[in-house]
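Visitor: I'd like to go through this one with you, one question at a time. Shall we get it on screen and start?

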There are 4 protein chains.
Amino acid sequence: MRFAFFGDVVGRAGRDAVSEHLPFVRRALDLEFVIVNAENAASGFGVSENTANQLFEAGADCLTLGNHSWDQKEALTYIVREPRLIRPLNYPPLADVPGRGVNLFETASGKRILVMNALGLVHMASMDDPFAAVDKALESAPLGLVADAVVVDIHAEATSEKMAMGHFCDGRASLVVGTHTHVPTADAQILPGGTAYQTDAGACADYDSVIGMDKEEPLRRFTTRIGKERYKPASGPATLCGVFVETDDKTGLATRVEPIRLGGRLKTVLPELQVSV
Amino acid sequence: MRFAFFGDVVGRAGRDAVSEHLPFVRRALDLEFVIVNAENAASGFGVSENTANQLFEAGADCLTLGNHSWDQKEALTYIVREPRLIRPLNYPPLADVPGRGVNLFETASGKRILVMNALGLVHMASMDDPFAAVDKALESAPLGLVADAVVVDIHAEATSEKMAMGHFCDGRASLVVGTHTHVPTADAQILPGGTAYQTDAGACADYDSVIGMDKEEPLRRFTTRIGKERYKPASGPATLCGVFVETDDKTGLATRVEPIRLGGRLKTVLPELQVSV
Amino acid sequence: MRFAFFGDVVGRAGRDAVSEHLPFVRRALDLEFVIVNAENAASGFGVSENTANQLFEAGADCLTLGNHSWDQKEALTYIVREPRLIRPLNYPPLADVPGRGVNLFETASGKRILVMNALGLVHMASMDDPFAAVDKALESAPLGLVADAVVVDIHAEATSEKMAMGHFCDGRASLVVGTHTHVPTADAQILPGGTAYQTDAGACADYDSVIGMDKEEPLRRFTTRIGKERYKPASGPATLCGVFVETDDKTGLATRVEPIRLGGRLKTVLPELQVSV
Amino acid sequence: MRFAFFGDVVGRAGRDAVSEHLPFVRRALDLEFVIVNAENAASGFGVSENTANQLFEAGADCLTLGNHSWDQKEALTYIVREPRLIRPLNYPPLADVPGRGVNLFETASGKRILVMNALGLVHMASMDDPFAAVDKALESAPLGLVADAVVVDIHAEATSEKMAMGHFCDGRASLVVGTHTHVPTADAQILPGGTAYQTDAGACADYDSVIGMDKEEPLRRFTTRIGKERYKPASGPATLCGVFVETDDKTGLATRVEPIRLGGRLKTVLPELQVSV
Ligand SMILES: [Fe+2]
Ligand SMILES: [Fe+2]
Ligand SMILES: [Fe+2]
Ligand SMILES: [Fe+2]
Ligand SMILES: [Fe+2]
Ligand SMILES: [Fe+2]
Ligand SMILES: [Fe+2]
Ligand SMILES: [Fe+2]
């Protein structure tokens with residue numbers, strides 16, 4: 001099975017890069033499932049029904065979120081009726097948060113793929129333990145038995161926590177991939193137990209920016225400590241950033257993991273095409 | 001001018017990767033200057049005279065540090081007599097910290113290269129403003145006038161702060177490169193003003209690990225919150241991780257920036273060789 | 001019912017203040033139960049069997065802990081056989097931490113008092129939600145039905161989180177009292193629902209110090225950012241710091257809450273004595 | 001010389017408590033100078049010209065600020081023409097922040113009192129070193145030589161940093177007092193070198209709240225992690241919270257330090273009146 005995961009889509013520039021490049025990439029790589037992190041899709045902060053729809057139309061099968069899940073208040077009700085939207089799964093018991101933190105999807109060909117989203121704790125707002133929550137979700141649909149593929153989006157700041165999550169899931173997930181830092185890492189690898197791993201998928205954003213945002217205001221705040229305006233997404237051409245994974249159909253473990261980067265300022269990298277396009 | 005910067009060397013595995021691969025890389029890429037971040041060279045924590053010497057012998061011309069500068073107490077006296085060791089430059093005025101945070105080196109061919117090391121503030125222990133400190137250091141030896149090349153090692157956690165530092169120095173430095181997260185990023189680019197930039201050089205470390213450390217103890221702490229042993233560096237084959245830069249001899253600005261990754265678990269990436277080896 | 005709670009005992013000076021003053025205070029205030037936070041009892045870091053015994057001998061019926069619970073490794077086994085030692089209750093499910101986070105004690109006269117210890121999240125190492133964990137513990141032995149008194153030690157940095165915990169438990173606990181900051185607050189009050197509250201009990205420590213520690217090393221680190229020695233507890237005369245509570249025997253709610261401070265540098269404050277001594 | 005310092009005034013309730021109680025307190029204690037922290041005076045966030053004027057009219061001679069200094073944008077221009085408004089003094093050099101971080105005031109009787117405001121670093125947004133900045137300000141008008149009294153408002157979260165600042169200034173200031181946590185501490189003392197010290201002055205606020213804010217929204221956020229509304233100041237009767245200091249006229253060092261708490265839910269504490277009222 002071939003699938004791909006794309007990192008945080010930032011604002012219009014990010015959405016437009018998805019619209020422009022994803023249909024080609026999906027076809028070229030013969031992808032059976034596509035996951036996109038959408039926590040910054042709406043003006044850089046959260047996701048709305050409209051911005052989600054643009055991503056679905058471009059070829060996303062499922063959208064994950066993060067610490068910005070609810071920046072657009074409508075997401076709190078939209079998620080109730082949209083099972084393709086996955087929010088972090090490690091809220092505390094009293095949160096009574098709407099939506100799902102994990103879902104088992106069925107692809108067109110009948111494959112089942114489990115997708116979950118977890119918030120890291122290091123340098124992040126506090127949440128309940130993501131390791132325990134992921135553990136429970138992994139046990140709910142074991143890879144190779146119930147699920148044909150399992151994807152863990154670990155939305156976290158610290159590389160240490162993300163790498164630890166990779167090892168924690170190794171052998172139980174097809175892919176553990178980080179999001180949130182908005183910069184792709186160059187460490188795609190298959191871990192010893194067979195799980196594909198990359199510390200961060202990178203943002204679908206304009207890279208002449210500060211993590212996808214117009215650089216003027218962040219620079220002002222870093223140097224003067226006094227803000228003047230809201231952050232707004234940078235509007236130059238964005239780079240589609242993600243990870244391509246191929247799994248063994250029997251075990252669900254990864255046989256191949258490679259970065260995808262297309263458009264904008266970053267150097268283009270695509271898995272060698274396996275199919276005629 | 002061609003030079004390279006390599007990220008945090010972690011323990012013996014990291015040092016051995018430097019010893020094994022750097023001589024070849026230096027020759028193959030015809031490097032005139034080599035900078036290595038050594039803050040984790042000694043057992044993963046700090047640098048000692050012995051571990052520094054191993055890196056110098058492998059071909060490093062200059063070593064930068066970070067938040068772990070003084071984990072080995074001998075570094076506080078060693079740095080006084082070793083001008084090739086550069087510690088963070090943004091200590092507060094009362095610190096009276098030994099050593100230098102910036103230095104102007106002369107290469108064999110008589111080129112002058114300014115190297116500085118700054119600690120970020122976001123999610124890090126507090127220090128004085130790195131932007132103001134870097135600004136002052138940049139003014140001390142302007143690129144293209146006094147310095148033939150200027151390298152800023154921004155040792156920081158947050159991608160936002162590192163990208164902001166890139167833009168802050170854009171046009172005034174040959175390279176702004178991040179260290180500290182121990183994972184290479186895939187965003188090498190030349191910024192609009194001519195400064196080469198990569199968010200993190202990546203660690204020279206075993207990548208079957210948690211940021212270069214044996215994974216057992218970090219996993220225990222993440223899942224149980226109770227530590228049992230000290231962290232120790234992972235001991236599998238390490239990947240040499242860094243950035244190659246070529247500059248315009250007149251302006252000192254970058255004409256080329258490319259990642260270098262060699263050995264260990266990560267996929268090998270080398271700039272196309274320019275010289276016969 | 002009359003009981004008292006005393007905050008973080010720091011090192012020998014703190015233990016000696018407990019030994020010197022607690023017997024008198026217990027007798028003078030006719031206390032039926034005494035709780036002492038012991039997370040810094042052993043050389044300022046953690047608790048050992050010996051240091052716990054000194055506090056029990058001085059009149060403590062129960063000891064609570066905090067973020068320093070396991071600084072002395074022996075505490076991990078000691079707590080298994082010592083039911084009077086209470087560690088934080090909001091560890092994540094995978095922690096499998098030894099000991100108890102809540103316990104129902106019986107006093108000499110047959111009263112039942114529920115004592116729990118929770119770690120805050122704001123500016124603290126991450127733990128699972130303390131509000132959910134406290135909620136569950138409160139439901140396990142409802143005040144006025146199962147428990148004659150309920151005491152919540154909220155070991156936290158932020159005043160906001162502690163005040164929020166007070167209101168969260170209001171009407172369900174006899175006392176919510178903070179620990180961890182090592183400075184007594186002057187805000188003892190009975191909340192609208194009948195729960196006694198004080199943001200921090202204060203440390204049993206020498207107040208010519210930095211939160212109970214000899215001031216030289218903290219001052220060095222604050223001004224220079226480079227440590228030289230381990231922290232060691234200050235050794236001047238310590239102040240016994242705590243909170244006195246009287247409850248309604250039927251409801252278990254508080255009818256009186258007053259600070260206790262005795263010895264050392266802080267001004268002596270004692271509830272007006274109710275009994276002849 | 002007798003003066004007083006009052007902690008963070010929160011919203012209308014806080015301002016009204018100042019208006020109601022400060023005139024009496026000023027007269028009763030024969031205060032020659034009154035300093036009030038006003039960083040939360042305007043709807044809980046920042047200060048405006050109108051809210052500042054209410055405090056000046058009630059008897060404040062000088063207002064200090066904190067991390068909320070600029071929440072009301074008008075404060076950035078207001079401070080330029082109002083020398084009685086003191087903002088934090090440890091901004092980095094590139095900040096070019098308006099206003100003053102320290103000022104030497106003259107009282108009606110011709111006494112000179114130096115007032116400064118510094119932001120702590122622990123668990124706070126990053127700023128340049130407050131110890132170095134305070135050191136420089138202290139040297140600018142030495143106590144007993146240039147200044148008859150020196151007051152340091154250390155606006156900080158951590159008790160450790162505040163106590164360290166107390167010792168750092170001991171013998172060079174009349175009073176070091178903390179603000180920011182919005183809860184008064186019960187540790188007023190004269191340090192060995194003669195400086196009066198209290199870790200936090202406490203807020204002038206309604207204490208049936210979460211640090212002066214209406215408790216509903218903070219409780220929601222703590223338990224569910226999802227916000228619904230803005231914070232708004234609690235509107236019940238507020239407690240005037242501060243510190244009274246008497247100094248030796250020759251040395252400027254403290255001879256007396258006592259808490260002031262009046263009105264609202266906290267127990268009234270006033271220095272024994274020295275003058276007939
Ligand atoms: Fe994001
Ligand atoms: Fe995020
Ligand atoms: Fe490092
Ligand atoms: Fe580091
Ligand atoms: Fe403590
Ligand atoms: Fe603590
Ligand atoms: Fe405040
Ligand atoms: Fe504040």
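**How chains C and D meet**

Guide: In the contact, chain D contributes 40 residues and chain C contributes 40 residues. Keep in mind that this is a predicted model.

Visitor: How much area do chain D and chain C bury between them?

Guide: The size of an interface is often given as the accessible area lost when the parts come together. Here 63% of that area is on carbon and sulfur atoms. On the chain D side, D:His167, D:Ala186 and D:Phe222 supply 17% of what chain D buries against chain C, more than any other three residues. For chain D and chain C between them, the buried area is about 3,500 Å².

Visitor: Which element gives the largest share of the side of chain D that touches chain C?

Guide: Several elements of chain D supply at least two residues each: α5 (159–169), β9 (189–190), α6 (216–224) and β12 (254–262). The largest share is seven residues, and the element they come from is α5(D).

Visitor: What about polar links: which residue of chain D meets C:Arg225 in a salt bridge?

Guide: Between chain D and chain C there are 14 residue pairs in polar contact, and two salt bridges are found across the interface. In one of the salt bridges, N and O are 3.2 Å apart, within the 4 Å cut-off. The partner of C:Arg225 there is D:Asp129.

Visitor: What kind of axis relates chain D to chain C?

Guide: A turn of 180° with a shift of 0.0 Å along the axis lays chain D on chain C, with an RMSD of 0.0 Å. That is the relation of a two-fold axis.

Visitor: And which residue of chain D has its C-alpha nearest the axis?

Guide: The copies meet through the same surface, because 100% of the interface residues of chain D are also interface residues in chain C. In chain D, the C-alpha nearest the axis is 2.0 Å from it, and it belongs to D:Thr185.

**The annotated site in chain A**

Visitor: Over to chain A. Which residues does UniProt mark as "binding site", and do they gather at one spot or scatter?

Guide: The unreviewed UniProt entry places that feature at A:Asp8, A:Glu39, A:Asn40 and A:His182. They span 175 residues in sequence, yet no two of their C-alpha atoms are more than 11.2 Å apart, so they gather at one spot.

Visitor: Is A:Asp8 buried or exposed?

Guide: A:Asp8 sits in the loop between β1 (2–6) and α1 (11–28) of chain A. Its contacts include A:Glu39, A:Asn40 and A:His182. Its relative accessibility is 0%, under the 20% cut-off, so A:Asp8 counts as buried.

Visitor: And A:Asn40, buried or exposed?

Guide: A:Asn40 is in the loop between β2 (33–37) and α2 (49–58) of chain A. Among the residues A:Asn40 touches are A:Asp8, A:Phe45, A:His68 and A:His182. With a relative accessible area of 2%, A:Asn40 is buried.

**Two positive phi values**

Visitor: What is the phi of A:Ile211?

Guide: A:Ile211 lies in the loop between β10 (196–198) and α6 (216–224) of chain A. At 21% relative accessibility, A:Ile211 counts as partly exposed. A:Ile211 is not a glycine, although its phi is positive, at about 45°.

Visitor: Where does D:Asp30 lie?

Guide: The phi of D:Asp30 is near 55°, again positive in a residue other than glycine. D:Asp30 counts as partly exposed, at 43% relative accessibility. Its place is the loop between α1 (11–28) and β2 (33–37) of chain D.

Methods: Residues numbered from 1 in each chain as written. Chains lettered and ligands numbered in written order. Predicted model: local features only at pLDDT ≥ 70, side-chain atom pairs only at ≥ 80, totals over all residues. Heavy atoms only, no water. Least-squares fit on C-alpha atoms with pLDDT ≥ 70 in both. Contact = heavy atoms within 4.5 Å. Helix = DSSP H or I, 4+ residues; strand = E, 2+ residues; numbered from the N terminus. Buried < 20%, exposed > 50% of the residue type's maximum accessible area, 1.4 Å probe, protein only. UniProt positions renumbered as here; feature names shortened; annotations may be inferred. Buried area = accessible area lost by both parts, 1.4 Å probe. Salt bridge = Lys/Arg side-chain N within 4 Å of Asp/Glu carboxyl O. Polar contact = N/O pair within 3.5 Å; in protein donor to acceptor, adjacent residues only side chain to side chain. Lists of a residue's contacts leave out its neighbours within four places in sequence.
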